[in-house]
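Reader: Hi! I'm new to looking at protein structures. Could you walk me through this one?

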Amino acid sequence: MGLSEMKKTELAAGYHERGYGCSQAVLASYAADFGLDEGLALRLATGFGSGMGRMCEVCGALTGAFMVIGMKYGKEKTEGTRYGNETETTYRLVAVAAAKFKERNGSIYCRELVGHNLMDPEERDKVVELGLFKTTCRKCILDAVEILEESL
């Protein structure tokens, strides 16, 4: 783990420890690098937590990483087509990041990573009781940042 990677993982872990969601922790850790206001990054990523609004779909940490990839490689201007070099690069890097994340964690889906339905308050309480937000989710955040550091 390189110095810059260590710094980003520490930054992301710090956001998460202060009560921010997985997606927020990842995106906000890179916001300043791309001229994105920290507050805007935190607000933007809020809905992606717990697998997108607690729906337990794609992991929030991974969706945060996808947004960072988009900030670096995404398409800003169009020549009248949905595709182009920036889009192709972004899509490829998103797919690679997802594959690496799945290889490390066995899944990219929050429901499979935490093993509980976060829409159900009793299930969510169980996740808190088991400490999964502090263990499983923290690992996912750190993995997403490490994968980003390989991609950027």
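Reader: Let me start with one glycine: where is Gly49 found?

Author: Happy to help! Keep in mind that this is a predicted model. Gly49 is found in helix 4.

Reader: And is Gly49 buried or exposed?

Author: Gly49 is buried, and its relative accessible area is 15%. The cut-off for buried is under 20%.

Reader: How far is Gly49 from Ala97 in space?

Author: From C-alpha to C-alpha, Gly49 and Ala97 are 18 Å apart, and in sequence they are 48 residues apart.

Reader: Sticking with helix 4, what can you tell me about the phi of Ser50?

Author: Ser50 lies in helix 4. Ser50 has a positive phi of about 55°, although it is not a glycine. For background, most residues other than glycine have a negative phi. As for accessibility, Ser50 is partly exposed, with a relative accessible area of 23%.

Reader: Cool. What about the phi of Arg54?

Author: Arg54 is not a glycine, and its phi is positive, at about 65°. Arg54 lies in the loop between helix 4 and helix 5. Its relative accessible area is 39%, so Arg54 counts as partly exposed.

Reader: New topic: pockets! What is the volume of the largest pocket?

Author: The largest pocket has a volume of about 350 Å³. It is lined by 21 residues, and the closest to its centre are His16, Tyr20, Gly21, Cys22 and Phe133.

Reader: Which helices supply at least two residues of that lining?

Author: Helix 1 (3–17), helix 4 (49–52), helix 7 (110–114) and helix 9 (136–151) each do. Helix 9 gives the largest share of the lining, with 4 residues.

Reader: How many of the lining residues are nonpolar, polar and charged?

Author: The lining of the largest pocket has 10 nonpolar, 8 polar and 3 charged residues.

Reader: I keep spotting cysteines. How many disulfides does a search of the whole structure find?

Author: The search finds 0 disulfides.

Reader: Hmm, why is there no bond between Cys110 and Cys56?

Author: Their sulfurs are 4.3 Å apart, which is too far for a bond, and Cys56 holds the closest cysteine sulfur to that of Cys110. For a disulfide, the two sulfur atoms must be within 2.5 Å. Cys110 is also buried, with a relative accessible area of 7%.

Reader: And which cysteine has the sulfur closest to that of Cys137?

Author: That is Cys22, with the sulfurs 4.2 Å apart, so this pair is too far for a bond as well. Cys22 is also among the residues closest to the centre of the largest pocket. Cys137 is buried, with a relative accessible area of 8%.

Reader: Where is Cys140 found?

Author: Cys140 is found in helix 9. It is buried, with a relative accessible area of 3%. Between Cys140 and Cys110 there are 9.7 Å in space, C-alpha to C-alpha, and the two are 30 residues apart in sequence.

Reader: Let's switch to helix 3. Which of its residues are buried?

Author: In helix 3, which covers residues 38–46, the buried ones are Ala41, Leu42 and Ala45. Seen down the helix axis, they fall within an arc of 95°, so they line one face of helix 3.

Reader: Neat! What happens at the start of helix 3?

Author: There, a side-chain oxygen of Asp37 reaches to within 3.0 Å of the backbone nitrogen of Gly39. Gly39 itself is in helix 3, and it counts as partly exposed at 21% relative accessibility.

Reader: How far apart are Gly39 and Gly115?

Author: Gly39 and Gly115 are 31 Å apart in space, C-alpha to C-alpha, and 76 residues apart in sequence.

Reader: Last one: where is Thr81 found?

Author: Thr81 is found in the loop between helix 5 and helix 6. At 36% relative accessibility, Thr81 counts as partly exposed. Thr81 and Arg92 are 11 residues apart in sequence, and their C-alpha atoms are 18 Å apart in space.

Reader: Thanks, that was really helpful!

Conventions
Residues numbered from 1 in each chain as written. Predicted model: local features only at pLDDT ≥ 70, side-chain atom pairs only at ≥ 80, totals over all residues. Heavy atoms only, no water. 1 Å grid on protein atoms, 1.4 Å probe; cavity = no way out; pocket = protein on both sides within 12 Å on 5 of 7 lines; lining within 4 Å. Points joined across faces, edges and corners; volume = space filled by probe spheres on them. Nonpolar A, V, L, I, M, F, W, Y, C, P; charged D, E, K, R; others polar. Buried < 20%, exposed > 50% of the residue type's maximum accessible area, 1.4 Å probe, protein only. Arc of directions from axis to C-beta. Polar contact = N/O pair within 3.5 Å; in protein donor to acceptor, adjacent residues only side chain to side chain.
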